[in-house]
Amino acid sequence: MRHRTRARRTAPAAALLAATTAAALTAGCTRHEPPAGGGRTPTRTAAPPASSAPPAGSVLAVKIDNVSAARPQTGLDAADVVYAEQVEGGLSRLMAVYATKLPRTVGPVRSARESDLELLRQFHEPTLAFSGVQRRLLPLIDRAPLHAESPDEAAGAYYRAGDRPAPHNLYLRPARLLPSAPGRPALTTGFRYGPAPSGGSPTSARTVRYPAARFAFTWSARRHGWLVAMDGTPTVTAGGGRVAPATVVVQYVRIRSSGYHDVLGNRTPYTETVGTGKAEVLRDGRSFAATWSRPAAADGTAFTGPDGEPVKFAAGQVWVVFAPRS
């Protein structure tokens, strides 16, 4: 299997330090994260070989900024799966995965993390769109079975919006990375969909807290979904629509320190998504206890109820919130 490896460039030291310091203070970014896009057009060396193009059936995964200055986001409601993870300073960041449709625009786009590589192993050569990364992480990204598409590799797919300050104004045009949506078979998450299992507890709302961020989900019978609020503010798209996934999964995982840190010395959290643990599946206004299992990185994640049967998700968007296990 061939994977894309590219030459990387270094931004001028002064601009780099300013951008990374601002990023660390506002969104917990790792040290040496370049000011992606930054109003410049990267110099590309040679055109990549044809075999480096995303294969048919490759999902698009986009790292999305999630501090208050980045909201409302664009294209979040079109994702098939949205993962919420903890980053530096106890803040949060999102990864949106697209398979059944590609929105016109997605963003704001931000940086990748080491644990994203493990999470994405469940997909076949996914395309990862991100704005920057800790420099020491670049070799891992180059060796990972994915197609890395930052502004350094695909400058024409990104643009800076004029109504927000950097770094919260970088947006992606997905059609410039993938010719079309790969379709539902590309969602090799291990999730099972179908009628709700028996039992469960009536639940009207659920909140998940990080040290400096929180997610709240409130059941809406009219929308037949869970209205999302982040940090106490209703989550809407740039077009004004409320985000309301049909299924919400609270997946309890080990969140440990990685070998990377930001400019302030804060260690980057590593979210372990391989293994097993407890989970809570919210659908149809009820909560279902479950156990999650992902034996290896190349496997999807199975959710099993106390009766040993799969806990099936409702049709529609799924949010997975990685919550620290106690």
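**Entry 1: a sheet of four strands**

I began with V208, which stands opposite F215 in β10. I kept in mind from the start that this is a predicted model. The strand β10 covers residues 213-220, and I found that six bridges join β9 to β10, with the two strands running antiparallel. Stepping back to the sheet around this pair, I noted an open sheet of four strands in the order β9-β10-β11-β12, with antiparallel pairing. I then asked which strands stand at the edges of this sheet. They are β9 (205-210) and β12 (233-234), and because each has a single partner strand, one side of each is left without a neighbour in the sheet.

**Entry 2: turns of the backbone in the loops of that sheet**

I next looked at the loops that link these strands, starting with H224, which lies in the loop between β10 and β11 (225-230). Its phi is positive, about 50°, although H224 is not a glycine. I wrote down H224 as partly exposed, since its relative accessible area is 44%. In the loop between β11 and β12 I came to D231, where phi is near 55°, again a positive value in a residue other than glycine. D231 also counts as partly exposed, at 29% relative accessibility. I marked both angles because most residues other than glycine have a negative phi.

**Entry 3: cis peptide bonds**

I went on to the peptide bonds, and found that the one joining R71 and P72 is cis, with omega about 0°. P72 sits in the loop between β1 (60-64) and β2 (81-86). A cis bond also runs from A166 to P167, where omega is near 10°, and P167 belongs to the loop between β6 (158-160) and β7. These bonds went into the notebook because most peptide bonds are trans.

**Entry 4: R294 and its surroundings**

I then turned to R294, which I located in strand β17, residues 286-294. Is there a salt bridge at R294, or none? I found none, although R294 is buried, and the nearest side chain of opposite charge, that of E118, is 4.8 Å away. The reason is the distance: a salt bridge needs the charged atoms within 4 Å, so this pair does not qualify. The side chain of R294 does, however, reach the backbone oxygen of E118 at 2.8 Å, and it reaches the backbone oxygen of A297 at 2.6 Å. Leaving out residues up to four places away in sequence, I listed what R294 touches, and among these residues are E118, L119, R121, Q122, T273 and D299.

**Entry 5: two loop residues, V109 and A181**

V109 lies in the loop between β3 (92-98) and α2 (114-120). Is V109 buried or exposed? It is buried, because its relative accessible area is 0%. Its contacts, apart from residues up to four places away in sequence, include V62, K63, A129, F130, Y158 and L170. I also compared positions along the chain with positions in space: V109 and N169 are 60 residues apart along the chain, and their C-alpha atoms are separated by 7.8 Å.

A181 is in the loop between β7 (170-172) and β8 (201-202). At 27% relative accessibility, A181 counts as partly exposed. With residues up to four places away in sequence set aside, A181 touches A99, T100, K101 and L102. Here too I looked at sequence and space together, and found A181 and K101 to be 80 residues apart in sequence and 5.1 Å apart from C-alpha to C-alpha.

**Entry 6: the chain as a whole, and how far to trust it**

I closed with the whole chain, whose secondary structure comes to three helices and 19 strands. Of its 326 residues, 54% are buried. Among contacts with a separation of 6 or more, 67% are between residues 24 or more positions apart.

The mean pLDDT of the protein chain is 85, and 81% of its residues reach 70 or more. Over residues 1-51, however, the pLDDT is below 50, and beyond near neighbours in sequence this stretch has 112 contacts in the model. I leave those contacts without interpretation, because where pLDDT is low the predicted coordinates should not be read in detail.

Key: Residues numbered from 1 in each chain as written. Heavy atoms only, no water. Buried < 20%, exposed > 50% of the residue type's maximum accessible area, 1.4 Å probe, protein only. Lys, Arg positive; Asp, Glu negative; His and termini not counted. Polar contact = N/O pair within 3.5 Å; in protein donor to acceptor, adjacent residues only side chain to side chain. Contact = heavy atoms within 4.5 Å. Pairing = 2+ DSSP bridges. pLDDT = per-residue confidence, 0-100.
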